Amino acid sequence: MENMNYVHSPLNYIGGKRKLLPQIIPMFPRKISTFVDLFCGGCNVGMNVDAEKVIFNDNLVYLVDVYKAFRENTTEVVVSYIENRIREFKLSLTNKEGYLALREIYNSRKNPLDLFVLVAYSFNHQIRFNAAHQYNIPFGKERSSYNENMKNNLLKFLKEIHSRDVVFRSGDFKTFDFESLTAVDFVYADPPYLITKGTYNDGKRGFTGWNPNEEIMLLKILEGLNNRGLRFALSNVTEHKGKENSILKEWIVRNGFFVHELSMDYKNSNYQTSNCDKGRTREVLITNYTL
């Protein structure tokens with residue numbers, strides 16, 4: 001059962017681990033100094049970890065800019081801006097013209113809080129950019145809006161980042177400074193899944209895509225952390241719709257890492273499979289430690 005005490009992201013980020021938190025969080029070490037959420041996405045995992053400091057990293061710079069704006073402004077300023085924009089553009093479940101007008105302004109000025117407002121009214125609350133870094137998700141007619149649930153999640157999220165030691169960083173995982181980490185720190189990696197079809201896997205949207213070379217680079221980094229005595233956890237899938245991630249499987253066996261199978265039904269995800277589909281999706285958490 002989902003723990004209602006978890007802080008949920010106000011963003012419906014593709015591949016987010018919100019529903020898996022009750023399975024993932026208990027498998028993390030009890031004492032963590034600095035927690036690194038290497039592919040933070042919606043920040044669901046890092047926001048719920050008991051650590052002295054959390055570093056959120058993602059290569060989608062415009063997403064990280066939203067979090068930085070949340071961090072740098074008071075809750076009152078953030079909420080007031082959002083609600084004023086909604087009134088100004090008369091945003092609703094049916095006002096496509098208002099949505100497109102705000103989208104045009106965002107693409108020319110890139111105000112982070114405008115992006116959050118757009119996401120509230122976009123199709124399935126999704127975030128997507130084209131190769132020119134223009135936000136291009138269509139209007140979520142009669143299905144997406146800044147509703148009470150989204151607002152409540154936002155308020156809890158803001159309270160958390162204003163009361164904790166958190167850092168937001170935008171950059172490729174390969175440029176992260178792992179050298180400063182020690183044995184009391186912890187790295188969590190939730191990369192795009194190699195054998196699925198996430199939005200940014202193709203590398204055609206102005207950001208680094210995901211391919212076997214990226215997968216191998218990440219696994220080498222994690223292996224290096226292990227050799228230095230640092231703990232890590234990696235979310236991934238080893239099997240999906242008849243495909244298997246042989247690179248990942250061989251790496252697990254070669255290093256003797258631990259595989260924890262997770263139970264999840266991704267009915268609302270555009271890249272996973274339900275139990276009714278042919279083939280199965282084996283989602284796992286891989287660790288280099290046992291509790």
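Two strands are taken to pair if DSSP finds at least two bridges between them. In the predicted model examined here, strand β2 and strand β3, the latter spanning residues 166–170, satisfy this criterion in the parallel sense over 5 bridges, and within this pairing Ile55 stands opposite Val167 in β3. Strand β1, which comprises residues 34–37, likewise pairs with β2 in the parallel sense, here over 4 bridges, with Val36 standing opposite Ile55 in β2. Ile55 of β2 is thus placed opposite Val36 and also opposite Val167 of β3. Strand β2 itself, formed by residues 53–58, is mostly covered, as 5 of its 6 residues are buried.

These strands belong to a chain of 291 residues, of which 52% are buried, and the chain contains 8 helices and 8 strands. Among the contacts in the chain with a separation of 6 or more, 69% are accounted for by residues 24 or more positions apart. The area exposed by the chain is about 13700 Å², and carbon and sulfur atoms supply 48% of that area.

With respect to the predictor's confidence, the chain averages a pLDDT of 90, and 89% of the residues score at least 70. Over residues 266–277, however, the pLDDT is below 50, although this stretch has 26 contacts in the model beyond near neighbours in sequence.

Definitions and conventions:
Residues numbered from 1 in each chain as written. Predicted model: local features only at pLDDT ≥ 70, side-chain atom pairs only at ≥ 80, totals over all residues. Heavy atoms only, no water. Helix = DSSP H or I, 4+ residues; strand = E, 2+ residues; numbered from the N terminus. Buried < 20%, exposed > 50% of the residue type's maximum accessible area, 1.4 Å probe, protein only. Contact = heavy atoms within 4.5 Å. Areas by Shrake-Rupley, 256 points an atom, 1.4 Å probe, with all protein chains shown as cover. pLDDT = per-residue confidence, 0-100.
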